[in-house]
Amino acid sequence: MSVDEAKRLAKKNLSPKRYEHTCNVRKLAVKLAKAHGADEKKAALAALLHDIAKELPRDRLLQIFTENAIIAGNAAQRPAPVWHGAAAAILAQTQYGVDDGEILSAIRCHTTGRPGMTKLDKIIYLADMASYERTYPEAEQLRRHALADLDRTAIEGLGLSIAWLKAGGKPVDEESLLAYADLRARYYGGRTSEQTAGEP
Ligand SMILES: [Fe+2]
Ligand SMILES: [Fe+2]
């Protein structure tokens, strides 16, 4: 699929507000890809398709999982707010002809992360979380940090997101907890919690 085709698809399937968000995610994802030596076209495609299933009704998302049970895995058992990532990856693969595993993975885990996140997974996760229209106080800092250090900022972003969900009494997807622990173990290696005090 070309970037122009993905853009047309996003425009057709999304409300103007979500399409604007999607364009902002693309802008930041390409900037991060450039900064960190990732494939800019893959970043653009994953960004343009990441929320393609976000406005589908709950029944349709469940139908997508049932009809694609093998690819969907345990998606339906996960918290409902994360369904649209798995559904978007399924649609990208089965309807839109995207066969690149890196792009599909980045779309699938864009709201949760996952253990063993690739560079593109981290780019799309952070470009979505800190896209230019986000107004929460940490967004600007996350954008700046992500340009300088993708791994450290993925830890920062996941840590913030898990803390917000917990504070709001909302369920935290298991994949996010695993992703957070995995990223920290890789980044901090054998350093103790005293040695990493003050780090994200
Ligand atoms: Fe999303
Ligand atoms: Fe999004």
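How are the donor residues of the iron ion (ligand 1) spaced in sequence? Keep that in mind while you click around; the answer comes at the second stop. One thing before we start: this is a predicted model.

**Stop 1: the annotated domain.** Select residues 18-133. The UniProt record, an unreviewed entry, labels this stretch "domain: HD". Colour it by secondary structure and you'll get 64% helix and 0% strand. Now pick the C-alpha atoms at the two ends of the span: they sit 10 Å apart.

**Stop 2: the iron ion (ligand 1).** Select this ion, then show Asp51, His84 and His110. Asp51 coordinates through OD, while His84 and His110 each use NE2, at 2.1 Å. Here's the answer to the opening question: the spacing reads D-x32-H-x25-H. Aspartate 51 is in the loop between H3 and H4, and histidine 110 is in the loop between helix H7 (101-108) and H8, so this pair ties together parts that are 59 residues apart in sequence.

Buried or exposed: what is histidine 110? Its relative accessibility is 1%, so it counts as buried, the cut-off being under 20%. Aspartate 51 is buried too, with a relative accessible area of 3%.

**Stop 3: the iron ion (ligand 2).** Stay on Asp51 and look for the other ion. Aspartate 51 bridges the two iron ions, ligand 1 and ligand 2, which are 3.4 Å apart. Show the donors of ligand 2: NE2 of His21, NE2 of His50, and OD of both Asp51 and Asp128, at 2.2 Å. Along the chain these donor residues follow the pattern H-x28-H-D-x76-D. The angles among the 4 donor atoms run from 83 to 178 degrees, and the site is irregular.

Next, trace where two of these donors come from. Histidine 21 belongs to helix H2 (residues 16-36), and aspartate 51 to the loop between helix H3 (40-49) and helix H4 (58-67), so the pair ties together parts that are 30 residues apart in sequence. Both histidine 21 and aspartate 51 are buried.

**Stop 4: the largest pocket.** Turn on a surface and look for the largest pocket, which holds about 660 Å³ of space. To find its centre, select Thr111, Asp128, Arg134, Ser161 and Leu165, the closest to it of the 25 lining residues. You've already met Asp128, as a donor to the iron ion (ligand 2).

Which helix gives the most to the lining? That's H10, with 4 residues. H2, helix H8 (119-129) and helix H10 (150-167) each supply at least two. Finally, colour the lining by residue type: there are 11 nonpolar, 7 polar and 7 charged residues.

Technical notes:
Residues numbered from 1 in each chain as written. Chains lettered and ligands numbered in written order. Predicted model: local features only at pLDDT ≥ 70, side-chain atom pairs only at ≥ 80, totals over all residues. Heavy atoms only, no water. UniProt positions renumbered as here; feature names shortened; annotations may be inferred. Donors = N, O, S within 2.8 Å, 3.2 Å for Na, K, Ca; no water. Tetrahedral: all angles 85-135°; square planar, octahedral: opposite > 155°, others 65-115°. Buried < 20%, exposed > 50% of the residue type's maximum accessible area, 1.4 Å probe, protein only. 1 Å grid on protein atoms, 1.4 Å probe; cavity = no way out; pocket = protein on both sides within 12 Å on 5 of 7 lines; lining within 4 Å. Points joined across faces, edges and corners; volume = space filled by probe spheres on them. Nonpolar A, V, L, I, M, F, W, Y, C, P; charged D, E, K, R; others polar.
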